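Welcome, and thanks for bringing your viewer along. Please load the model, pick a cartoon view with side chains ready to switch on, and follow the stops below.

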Amino acid sequence: MSEENKNFDVNDDGQTLDIDEVKGMTVGEAVRKDSEIKAGVKEDDGILDKYIKQHREEVDSQKFETKLSDMDNLDTAALDNFIKKQREELASSGLISAEAASSEKMSSQEIDSKEEEKISETPQAEALIVAGPEDNHIAPTRYDQMTWDEPKDQFLASDKQEPKKKKKLIVILIALLILILSLIFGLNAFKHANSSQSKTNTSTSNLASSTQKSLSKTAKADFKDFNDAYKKFFTDKEMTTLKNSQFSEIGNLEKSLKKLEDTSYYADAKTKFDDLKKRINAIQAVNAKFSTEAIQDGKKQAATVKSGTNFDDIKSEILKTGDAKLDGLLQSVISDGRKQLSDKAKADKERADKEAQAKADQATQAAQASENNANAGASVAPNTSTQGSLIASAGIAVNGVALERDKSRVPYNSSAISDSGNTAWAFNAGVLERIVATAQARGHISGNNYILEPVNIVNGNGYYNMFTPDGTYLFSINCKTGYFVGNAKGRADALDY
């Protein structure tokens, strides 16, 4: 930096732009700082003070007396008429008194005095009196915020100086006019806003009312649909007896209920639905214990309880529906079911006991027959009956019974039959008992009710035919080996010799 640039002007207070400050500034900042120092701007000056010091000529041109000089030749006739008209409108709207509006003879001095008092109380008027800087700068709004060449008292001219009084009156009237216009504009805006708000509120209210009516109409129709569907679950108009065939529609009724949510009908419909569902659940829980429906359309039906059913697994809460008639019916059906289970258990026990006894009797009889045969041994000898049949000692004699000898698998041999003392006719131990047990198991005979007849002796083995008590042929038996053969299909059909 040259020596020339280091020298800066010194203002009235002796301020200079220090070289150390310049080092940290741009060229523009340095120029602006130098301009402020030349204008006498101090560090503690506000924005307004800085502006006035830097634009003093401009501020002086905007002073009140300078502006008044431009109004010397102003024609106030049109303005007076306009102010008079505005006064009348304000009086009609109640903003000022009628006396003030009609007072045309008020002296200029009285107007000056009264209006000045009003203006002095109004910050807006005070702001109008003091002209501020333009060009987008902040305008001063109070006397004590500006530095004037003349004192504030010079703004008020003497009552004896007519030109100044006229000028001052005009300024006051202009301020009053602006105030009146502001009030009128504000009043109109307020009325318009209220009118618009009222119309909006009315429109909103009408729309809400229309919407509410529409919703109410829809809800009413939905409630009617719900009640119509609800009635179908009963067999009677009084809606006391449930219809079983309608139980499957409970899901559709629940959908109708959901349409009523957030409406005044929902609580009533929900109570009806819950009560209905509780009764249906109770009936279905009891009917599930039977092979067919034990409760149908409010009446008890003949139904067989399912095997292994346990009525105790039905919770007591389910059986308490709040309908005394239905609760009684449920308990009655359950009692019948329990009785069926008890009777069935008793019958099953008796049948089991009988079967056990029969088996015990058969075992006893078999043991006795075996013992008898063992004692008889080889001494068993057939006896010829009047019908020609031979009955073993273990069998029973049947007189007058025609035996089916023609179906015998072993041919009859009369000479062998005549040899009754032949040891070939003796049964080996256990052979007869085993064959009798087989015949019993196949259902051919019951107990020891059978007929044995000697047929032939082949290869030293005696052969017998076994018949039922009515003479029906069963099979031919080898009394030594226990081999037997008959005519039934699927059984042994070949002879053993």
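Begin by selecting S408 and V410: a polar atom of the S408 side chain lies 2.7 Å from the backbone oxygen of V410. This is a polar contact, meaning a pair of N or O atoms within 3.5 Å; within protein, one must be able to donate a hydrogen and the other to accept it, and residues adjacent in sequence count only if both atoms are side-chain atoms.

Before moving on, a word on what you have loaded: it is a predicted model, in which local features need pLDDT of at least 70 and side-chain atom pairs count only at pLDDT 80 or more, while totals for chains, interfaces and linings use all residues. Residues are numbered from 1 along each chain as its sequence is written, and side-chain values use heavy atoms, with hydrogens and water left out.

**Stay on S408**

Where is S408 in the chain? Look in the loop between α13 (324-376) and α14 (414-418); helices (H or I, at least four residues) and strands (E, at least two) are DSSP runs, numbered from the N terminus. S408 counts as buried because its relative accessibility is 16%, and buried means under 20% relative accessible area, exposed over 50%, partly exposed in between (1.4 Å probe, protein chains only). Now show V455, N465, Y473 and S476: S408 touches these four, leaving aside residues up to four places away in sequence. Contact means heavy atoms within 4.5 Å.

**On to the sheet**

Next, colour the strands β3-β4-β5-β6, which in that order form an open, antiparallel sheet of four. Two strands pair if DSSP finds at least two bridges between them. At the edges you will find β3 (451-458) and β6 (484-486), each pairing on one side only. From one strand to the next, the twist averages 25°.

Zoom in on β5 (residues 473-478), which is joined to β6 by three bridges in the antiparallel sense. Select I477 and you will see F484 of β6 opposite.

**The helix on the sheet**

Now add α15 (residues 431-441), which packs on the sheet and touches β3, β4 (461-467), β5 and β6. The direction of α15 makes about 155° with that of β5; axes are lines fitted to C-alpha atoms, for helices over the stretch in contact, and angles run from 0 to 180 degrees between N-to-C directions. Within α15, show V431, L432, E433, I435, V436 and A439, which are buried. Just past the helix, stop at G443, where phi is positive, about 80°.

**Zoom out**

Finally, show the whole protein: it has 15 helices and six strands, and 32% of its 497 residues count as buried.
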